[in-house]
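Hi,

Here is the structure I promised to pass on. Please have it open while you read my notes below.

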Amino acid sequence: MDNFDLLDCSAGPPSLRERRQEAILDAAEALFLEQGYERTALADIVKRSGGSLATLYDLFGNKQGLLHAIAARWGAETRCEPGACEAMGQLSNVELLTGYAYRQCDRMRSPRAVALMRMLISESLRDRVFALQIYRDLHIPAVEELSELFAAWAAAGEAEIDDPEAAAKLLLSIVIGDSMLHALAGLDDEWLTHEQIDWRLRPFLSHFKIG
């Protein structure tokens, strides 16, 4: 097993409500990707997922709520609290951070992620409130997660990071800062390879003395 597979944490079995949510989200995401966000009707989603329109409204509010939930689920797939998995203890700090960077970049450049990013950008330009929700629910948790990790390393003497939040924002900028531009421009050949990520991470690891 690849060491970086250890970054995936298992959760308990889903409830009936959670299974219904997932079925609707799966159907909505598939239809959004197949025929576009604007051209997908809620009735199409209900027909594919089963259930009722009333259930969909109860769980997600409207189509924009569905897009937001899909984005939140996608964001959650790239996150895992370091303290939540005992397997994390088998990785060094450098391996943990490198694996995180690999996963972030790999997920951002997948066809699914690119399509979702384009939908999110389009809807965010149309609705500022939605844009702020996406920023709050996708970007801020990633910053907070890394900030807590860096603060713990600094407190334990495993890194010299005087501003964990700034370091977290810097790392995200290094790894995925230009992903949105690539998604919009369709620059498939510009995505970072693991070797390029290693090159970008070296000065970060060295500056903060992460060992």
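Here is what I found in it.

This is a predicted model, in which local features need pLDDT of at least 70 and side-chain atom pairs count only at pLDDT 80 or more, while totals for chains, interfaces and linings use all residues. Residues are numbered from 1 along each chain as its sequence is written, and side-chain values use heavy atoms, with hydrogens and water left out.

Let's start with helix α3, residues 53–60 (helices are DSSP runs of H or I, at least four residues, numbered from the N terminus). Its buried residues (under 20% relative accessible area, 1.4 Å probe, protein chains only) are L56, L59 and F60. Seen down the axis of α3, these fall within an arc of 75° (taken from the directions from the helix axis to the C-beta atoms), so they line one face of the helix. Their cover includes α1 (16–35), α2 (42–49) and α4 (63–77). On the face turned away sit A54 and D58, both exposed (over 50% on that scale). Just after α3, G61 has a positive phi of about 90°.

Next, a helix pair: α5 (93–108) and α7 (128–155) pack at about 170°, with axes 13 Å apart (axes are lines fitted to C-alpha atoms over the stretch in contact, and angles run from 0 to 180 degrees between N-to-C directions). That makes α5 roughly antiparallel to α7 (angles over 145 degrees). In the contact (heavy atoms within 4.5 Å), α5 supplies N93, L96, L97 and Y100, and the residues from α7 include F150 and W153.

Finally, K209, in the segment after α10 (194–207), has a positive phi of about 50° although it is not a glycine.

Best wishes

Conventions
Helix = DSSP H or I, 4+ residues; strand = E, 2+ residues; numbered from the N terminus. Parallel < 35°, antiparallel > 145°, perpendicular 65-115°, else oblique.
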